[in-house]
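Please open the structure in the viewer and keep the sequence panel at hand. The tour proceeds by selection, with a short account of what is found at each stop.

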Amino acid sequence: MSDVGSDEFEDELSKLGEYEGQRNDAGERHGVGKAILPNGDNYQGHYEFGKRCGEGTYRFNKGARYVGDYEKNLRHGEGTFYYPDGSKYEGSWVESMRQGHGIYTYANGDTYDGEWLSDMRHGQGIYHYKETGSKYRGSWVNGKMESAGEYLHSNHRYEGNFANNNPYGPGKYVFDIGCEQHGEFHQTEQGQDQSEGEWGELVPPSILKWVATGITKETAGDRDTAWQEGGEEI
C-alpha cells in the first residue's frame with residue numbers, strides 16, 4: 001500500500017525541472033500549468049503561489065498516478081491513487097494520507113469500503129474477499145479488525161468481538177436455516193516462532209478454539225427459544 005514515491009517536494013526542489021503555465025506577478029507558479037520534475041515525475045493541474053493547489057494529476061516515474069485535489073503540495077481532499085500493481089484507492093485525503101471515507105481495491109480483487117485514519121483502516125468498514133465472496137463488516141483500529149464485527153458468508157454469518165484480526169470472546173453463528181449457535185472463541189499463542197503480519201510486524205502464532213455453549217432458534221413469539229444446551233468444543 002506504499003504510494004511508490006513522494007510528490008511532497010520542498011519549495012526549492014519544486015522549482016526545479018521544466019514548467020509551462022501561468023504565473024503571478026511575483027513569478028510564482030499560479031493558475032494552470034504543467035511541470036516535469038528532475039526525477040521524471042510530472043504534474044499537470046492547478047497551482048497557487050508556487051504550490052500545487054486545487055485539482056491536478058501527478059504521475060510518478062515508477063508508474064503510480066494520483067488524480068485529485070491538492071493543498072500546499074499535499075494530497076488533500078478527494079482523489080484517486082492508482083498503484084503500479086493494479087490496486088487503487090478512491091476517497092478522502094488529509095495531508096497526503098488516506099483519511100476519512102475511501103474505497104481501496106487491492107491487486108487480488110479484494111476491496112475495503114470504509115473509514116481511514118493516517119493511511120490505515122480505522123473506524124467502520126467492510127472488507128470483501130473476492131475469492132470466497134465472504135465479507136467482514138465492523139470496527140477497525142489501526143488497520144486491524146477490533147471490537148464488534150461480523151463475518152458474512154454465503155449461508156451463515158458470525159457475530160461477535162474481534163481482536164488483532166481474529167474473533168475473540170463471546171459470539172454466535174447465525175445460520176440461514178433459522179438457528180443460532182452461541183459460544184466463545186479462545187485465542188492462545190502456540191510455540192516460540194514468530195511470523196510476519198500484514199504490515200511487516202512480527203507476531204507469535206496463535207490457535208483459535210471455538211467452544212459452543214448452546215443452540216437456539218427463532219420462533220414467532222420468542223426470538224431466543226433454547227432447544228439445546230451443552231459445552232461441546234468444535
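Begin by selecting Glu 180 and Lys 172, whose side chains form a salt bridge with an N-to-O distance of 3.4 Å. The model is a predicted one, and the positions discussed on this tour should be read accordingly. Glu 180 is buried, with a relative accessibility of 3%. Its partner Lys 172 likewise counts as buried, at 17% relative accessibility.

Next, extend the selection to Arg 137, Glu 150, Arg 157 and Glu 159. Together with Lys 172 and Glu 180, these residues are linked in a network of salt bridges. For the protein, the count of salt bridges comes to seven.

Within this network, centre the view on Glu 150. Is this residue buried or exposed? Glu 150 is buried, its relative accessible area being 13%. One of its salt bridges is to Arg 137, where the closest N and O atoms are 2.4 Å apart. Arg 137 belongs to strand 11 and Glu 150 to strand 12, so the pair ties together parts that lie 13 residues apart in sequence. Arg 137 itself is partly exposed, with a relative accessible area of 39%.

Keep Glu 150 displayed and add Arg 157. The side chains of these two residues also meet in a salt bridge, at 3.7 Å from N to O. Arg 157 counts as partly exposed, with 28% relative accessibility.

Now hide the charged side chains and turn to the largest nonpolar core, which holds 29 residues. Which of its members touch the most other members? Select Phe 81 and Tyr 158, which are the residues in question. Then colour the strands that each supply at least two residues of this core: strand 3 (42-48), strand 5 (65-71), strand 7 (88-94), strand 9 (111-117), strand 11 (135-141), strand 12 (144-152), strand 13 (156-163) and strand 18 (206-217). Strands 11 and 12, which contribute to this core, are also the strands that carry Arg 137 and Glu 150.

Finally, clear the selection and show the whole protein as a cartoon. Its secondary structure comprises one helix and 19 strands. Of its 234 residues, 35% count as buried. Switch to a surface representation: the accessible surface is about 13200 Å², and carbon and sulfur atoms account for 48% of that area. As a last display, draw the contacts between residues with a separation of 6 or more; 20% of these involve residues 24 or more positions apart.

Key: Residues are numbered from 1 along each chain as its sequence is written. This is a predicted model: local features need pLDDT of at least 70, side-chain atom pairs count only at pLDDT 80 or more; totals for chains, interfaces and linings use all residues. Side-chain values use heavy atoms; hydrogens and water are left out. A nonpolar core is a set of buried Ala, Val, Leu, Ile, Met, Phe, Trp, Tyr and Cys residues joined through side-chain atoms within 4.5 Å. Buried means under 20% relative accessible area, exposed over 50%, partly exposed in between (1.4 Å probe, protein chains only). Helices (H or I, at least four residues) and strands (E, at least two) are DSSP runs, numbered from the N terminus. Contact means heavy atoms within 4.5 Å. Accessible areas come from the Shrake-Rupley method with a 1.4 Å probe; for residues, only the protein chains shown count as cover. A salt bridge is a side-chain nitrogen of Lys or Arg within 4 Å of a carboxyl oxygen of Asp or Glu.
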